[in-house]
Amino acid sequence: MKGGPGLVRQWTLFTLRHWRRTPWQTLLLLFILALGVATYLSIRLANRAAVESFGDFAVAVRGQVDGSIEPLSGNLPLEALREVRQKLGPKAVHAIPILETTAVAQRDLDAVEGQFGRAPTMRLLGLDLLGIQNLNPRAPDGERILSGPGEGEEEGVFRERLRGAPEVFISGALARRLDKNPGSEISLLIRDQHHDLRIAGILPEQRAEVSAPENVMVMDISGLMRLLGQKEFLSRIDLVWQGAEHLTLQGQERLAGVLSGDDLAWVYRPPEFRENETASMTAAFRLNLTILSLIALLTGIFLISQALDAVVVRRRLEIGILRSLGMTDGDLRKMWLGEILLLGLVGSALGVLLGGLLAQLTVGAVGQTINTLYQGGGTYRVQWTGADILSGFLLGVGASLVAGLIPLRDALRTPAAQVLMQGNKAPGLALLRRPWPGLLMVGVGYLLTFFPPLVLDGGARFPAGGYLTAFLWLIGGTFLIGTLFPPLGRWGRDLVTRWKPVLRPGVSRLHRATTRHRLAAAGLFIAVSMAGGMTLLVGSFEHTVERWLEHRFRADLYINALGAQGPESDHFISSERWRSLANRPEVVAADPFRSVRIQIEGTTTFLTSSDLTLLDEWQTPLWIERPRGEVDWLKRTPEGLVPAISNEAFAERFRVGVGDVLEVPSQEGQQSVVIKGIQAEYGNEQGALLVDRRWLSQWLGEENLTNLTLFLREGEDPELLAEKWSGEFPGLAFRSNEALRETAKGIFRQTFGITHALKFIALLVALLGLALTLVAIFREAVQELKILRNLGLTSGEIASNAAIEGTGITIVGLSGGLLFSFGLGWLLIEVINKQSFGWTLLWAVPVGEIALFSAGLLLAGMVVSLGTGLVLVRKLLK
Amino acid sequence: MSLQNQKSQTLLDVRGLRKIFGETVVLRGLDFTVAKGERIALMGPSGSGKSTVLNCLGGIEKPDQGEILLSGNNLATLSADELAGLRRRTIGTVFQFFHLLPTLTVKENIGFPMELAGWSQEKIRERVGELLEEVQIGHRAGAYPETLSGGEQQRVAVARALAVGPPLLLADEPTGNLDRKTGDAVLNLMEQLSEKHAVAMVMVTHDERSTRICHRILRLEDGVLAGPPEEERKEEETAG
């Protein structure tokens, strides 16, 4: 049927005017939606900023390269440069040797008082500056990579300068932050030593359309080699095609073909490899955050649904009148969808704005966590794209539409005004009153836990089945928790009859809970389930890590290079220094630990070494599977295999177990190792193989360490020795056992900081939704409230009835949520965590935290209910 | 056109109307007709089925048996959308509790049925102006319903009911929520407009005095129409 007002006219005539009449409710509704969209968007933006920072970094520093040669394990021997050039022959591809390390500005370290993971890590690149100045085939005329003293100098003079004392080029941003100029000195911690370097110049702000990141410094490669005392190794070799355009994909494939071969200690990587690897390495972490960020929206959908249903209730008579005036189902549907569309659009717009603000807060937290857990070197900037805004709007409008389905059904079932007068009520969703769909979803969800994880590019695993289970359990639970209302109502009725009969009406309404009661409880239920499940996961994780720390870290002193700020840090302790410490008379045992990145099955993992003769007597791993019998870690097995210990993440990731044999790349070619045992380790999720340090030293050709663990003679004071040795070795950080545990716990808390924030947002959304629900419920019950007044109840007593109803909803949502949170906790610990990270976690129930959180929520629910009740009673009964 | 002339043109023909709710038979086979421009009062005690008759005439309730022919359309054969269309064009309704749309001003309330019918804005403005004048509420054209008195609200409701010029007006206790003086004024208005626009009216009422504007009275008792003498009397009075 044609006719009726258009969308804009309808918004003007009805929607906006209704919003104006109930401004607080409308704002609350929009805020709930906006908060859901904003939480999702802020995490999306922060995640991308963290990953893109690596892309920016690579492009800005190296310029547009056409690929790299990277070692399969550890460092790249210098002879690789000759091998690569030989293989390339007369091809128009330049091979540029790069030596890269990390550095920390002393001033930054002072500012964070030496705390691990807090000071920004900088990338120090050693490049052939002379060669690179002449090699810039695609740069516009006159563009030079470097500026400063080298600029405009004669080649001979520049060459002389490079042979002199090492100088460094820093970014303009860093120069501004540290208030430095060309010619002044910068104090840096590189590996385990202090260096005061002269600033030769400032890197260009913009290159290859990418801003130079603040944390990049450049030196001449020969200067850096001298500085590090490392003349035999490179970090990688960059390849630059001399043509005017970049190498095509086919060109890259041809190059890969030319540069392939057996027995090579290196491999060709296409230009985007590192960025893609970073993206895939952090994919599971980012995905987990994204899913968590959607909880607020999922909670919001229930509450928005409930709130829209309240709108239908409030306008039931209006809908009835419109029907009497001849509006068809189609007209009403169009009208309702138009209103939801406007709600979605306005809520999303607010969400996008709020998301921008929240992203500024979360980007630092996400970036810092990724920095600490995965890879340092990024600077984090929030950058919007049209796709972000579009996704925010799609999510917001989509959530509104999903939320609007039940209310739409109610609206369409509203009879004409004539019939409405006979006093019938909104039917609500009868399905929510039946437990069987919930039981079905819980059952199907359980079966999905057996679904294996999806393997993403780069080896990260995504527990799709586990997440689907969580979704089904949450939705299923919303059907089941309604069954708690009747017993609660009965129990409450008995209680108030004896205690305060004036509250009987409120309790009796709980006994006969409507769809609105159930939807509001469902919103709370979802927020509590997820928050409770996460609390159990984090609590179990914390407990497990503490147990692991107790087992694993029994030494008295832990030493690492002062500049080490993350796993990717290149801050080694040189062999002379650690040997000097290990041989002190105060030391009874020393465990030198080394970690190097290796490539297995095309993905990055770690090969680590330690003094395995200290096992059991000094070091006690938390075994998942103990080695069978005696193992001589220093000798090859009769089959010629090197004995190794796999950590759980490695075993899970590469599907290996005790007795399995693996080929591990090393600078001495492929090494065959056999897994003798599996230990729990919560240091990284990329997995690590542990061999005795003598093997790795031999394979690497050097004895630098990642860290050193010292067991002291009885009676020695670790704190005193730490202080004494710090003065002697200013580039090293000495931590006592206790300090190290505190550091580990600090990292742990930082990692889960965002999780706590997301939990809080979900609960806030749920409480706001409770207020909206109560408004709806009381509006619908206005006649009953009037009767209560006529029966002689005071406004306070009527409000108390309202508070009882709200408290009842909170109790149902809370108790159902707590019950389900144990199921979700099991799912997160045994399925999702196990599939994502491969870690065995010990169950721990943080009783105090859960009790505090439950009491807080209950109290908040009561306050919200009473407050809403008082306001409404005053308004509705005036 | 005189009523006698109009009587020859039947607008509404109700035959054997029967309605059952659960096990309760509310209407037990009603037969009556309403001519164009004719005003009928439907009276009876509570629970006699008056409102159900009105709902059936408006296409809100479906009869279980019998036929309702409105302008030749058999309501039983129409779909929900067709019935809605019929209500837009053919039936105006006045309620006891006025039922004005709360977010719309007086003139918007009156103009809304015309918007539904797809009239142009210019035509709507013109017609709203006429109706505002006819119901003497022009001075409150921009006001919202909540600021109007009961009598004013009902006058707006009458104007809205007659907005698209329907041939039939259904009124459910139109003075039931008004004081006597205001009620009389509203009745006079309804009579006057019904005469002027030749609109037939079926009015459910408890109030004998309200029947003074009607040509006939139908009395409903236990779901059946009581004897015709009073109907005749009223008709004769009106004719005379």
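**Note on a predicted two-chain model: chain B, the cores and the A–B contact**

1. Of the 240 residues in chain B, 52% are buried. The model under review is a predicted one. The secondary structure of chain B consists of 8 helices and 10 strands. Among the contacts in chain B with a separation of 6 or more, 69% join residues 24 or more positions apart.

2. One sheet of chain B deserves separate mention. The sheet is open and has 4 strands, in the order β2-β1-β4-β5, with antiparallel pairing. Its edges are formed by β2 (24–35) and β5 (73–74) of chain B, each of which pairs on one side only.

3. Within that sheet, β1 of chain B, spanning residues 10–21, pairs with β2(B) in the antiparallel sense over 9 bridges. A specific point of reference for this pairing is Arg18(B), whose bridge partner in β2(B) is Arg28(B).

4. As to packing, the largest nonpolar core comprises 216 residues. The residues with the most contacts inside this core are Ile304(A), Ala527(A), Leu42(B) and Val158(B). Helix α20 of chain A, residues 515–552, supplies the largest share of the core, with 18 residues. At least three residues come from each of two domains of chain A, namely domain 1 (1–64 + 279–422) and domain 3 (557–715). In general terms, nonpolar side chains tend to be buried together in soluble globular proteins.

5. Val158(B) may be examined individually, as one of the residues with the most contacts inside the largest core. When neighbours within four places in sequence are left aside, Val158(B) is in contact with Val94(B), Val135(B), Val186(B), Leu189(B), Met190(B) and Leu193(B). A second core, separate from the largest one, has 52 residues; among them are Val93(A), Met122(A), Leu129(A) and Leu189(A).

6. Which elements of chain A give two or more residues to the side that touches chain B? The contact itself involves 24 residues of chain A and 26 residues of chain B. The elements in question are α1 (7–21), α12 (316–324), α13 (329–373) and α15 (417–420) of chain A. The largest share of this side, 5 residues, is contributed by α1(A).

7. Regarding composition, the side of chain A that touches chain B contains 11 nonpolar, 8 polar and 5 charged residues.

Note on methods:
Residues numbered from 1 in each chain as written. Chains lettered and ligands numbered in written order. Predicted model: local features only at pLDDT ≥ 70, side-chain atom pairs only at ≥ 80, totals over all residues. Pairing = 2+ DSSP bridges. Core = buried A, V, L, I, M, F, W, Y, C linked by C-beta atoms within 7 Å. Buried ≥ 20, exposed ≤ 12 C-beta atoms within 10 Å, placed from the backbone. Domains from an automatic or database assignment. Contact = placed C-beta atoms within 7 Å. Nonpolar A, V, L, I, M, F, W, Y, C, P; charged D, E, K, R; others polar.
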